[in-house]
Amino acid sequence: MVAAAPLDRIDWPVRTERLTLRTATPDDAEATWQFRTLESVNLWITRGTSTLEEYRTAFDDPSSLAKTLIVERERQVIGDLMLAVEDGWGQAEVADQARGVQADLGWVLNPDHAGRGYASEGVRALIRLCFEELRLRRVTASCFADNESSWRLMERVGMRRESYNVADSLHRSGRWLDSVTYALLSTEWSSAGC
Ligand SMILES: CC(C)(COP(=O)(O)OP(=O)(O)OC[C@H]1O[C@@H](n2cnc3c(N)ncnc32)[C@H](O)[C@@H]1OP(=O)(O)O)[C@@H](O)C(=O)NCCC(=O)NCCS
């Protein structure tokens, strides 16, 4: 029997006070492309976008769709989130027990909707899904150190800085930039009541 993809184990859509989170479909390509091509967004995201067709090809890839969530506010797409379940590291004898126990998270918010706490609200829900629904033990996130909006978001939702890495990440400008990584354990999350 084939195991269900992690996001298929959640009952969608998930509603928060002001937002609706749901899994992405190929029809969401254009709406997300609209804000991902904006310079202030494109500067930081992993894959720079040029044409809608190129973007659509990458967006529609099953491995990409399987970890992408859409954030809606009043039925309008205002952002997207990534929830990528990963293996933890473990010594050979116990490596099986470390499979699929953690998730790497990501986020993009349409700048028209920034500064109102929507990203915090969506990411808090994402973390809750990781711990309560998927029963993961750890979530992680990383960004360029200069991307202050992103690491401040990590801190707002209770994530803990684990590393500051010097000149380890190549930006498409050609420069090697510093990066930061953050994490949160389920035990920290439940005891902090995040
Ligand atoms: C990272 C990103 C999602 C953060 O967005 P954001 O708008 O700063 O975050 P929020 O939506 O949580 O809003 C927080 C701000 O709203 C304010 N706010 C207003 N109402 C709020 C509420 N009800 N709850 C929480 N914050 C609220 C906060 O005080 C904060 O303001 P501040 O930045 O002046 O301190 C956004 O900058 C982005 O998409 N960047 C480009 C893509 C990117 O870099 N992605 C990550 C790649 S690693």
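**What surrounds the ligand**

Tutor: Helix α6 supplies the largest share of the shell around the ligand, 4 residues. The model is predicted: local features need pLDDT of at least 70, side-chain atom pairs need 80 or more, and totals for chains, interfaces and linings use all residues. Numbering starts at 1 along each chain as its sequence is written, and side-chain values use heavy atoms, without hydrogens or water.

Student: What makes α6 a helix?

Tutor: A helix is a DSSP run of H or I with at least four residues, and a strand is a run of E with at least two. α6 spans 148–156. β5 (102–109), α5 (118–133) and β6 (138–144) also each supply at least two shell residues.

Student: Which residues of the shell are closest to the ligand?

Tutor: Trp-107, Leu-109, Gly-115, Ser-120 and Asn-147 are the closest of 19. A residue is near if one of its heavy atoms lies within 4 Å.

Student: Why is the approach of Asn-147 to the ligand called a polar contact?

Tutor: A polar contact is a pair of N or O atoms within 3.5 Å. A ligand oxygen is 2.8 Å from an N or O atom in the Asn-147 side chain, so the pair qualifies. The Arg-156 side chain has an N or O atom 3.0 Å from a ligand oxygen, so that pair qualifies too. Gly-117 offers a polar backbone atom, 3.1 Å from a ligand oxygen.

Student: How do you know where the ligand sits?

Tutor: A molecule sits in a pocket if more than half of its atoms lie within 2 Å of its grid points. The ligand sits in the largest pocket. That pocket has 47 lining residues, with Arg-36, Ile-45, Thr-46, Trp-107 and Val-108 nearest its centre. β5 gives the largest share of the lining, 6 residues.

Key: A polar contact is a pair of N or O atoms within 3.5 Å; within protein, one must be able to donate a hydrogen and the other to accept it, and residues adjacent in sequence count only if both atoms are side-chain atoms. On a 1 Å grid over the protein atoms alone, a cavity is a set of points where a 1.4 Å probe fits but cannot get out, and a pocket is an open set with protein on both sides within 12 Å along at least five of seven lines; lining residues have an atom within 4 Å of a point.
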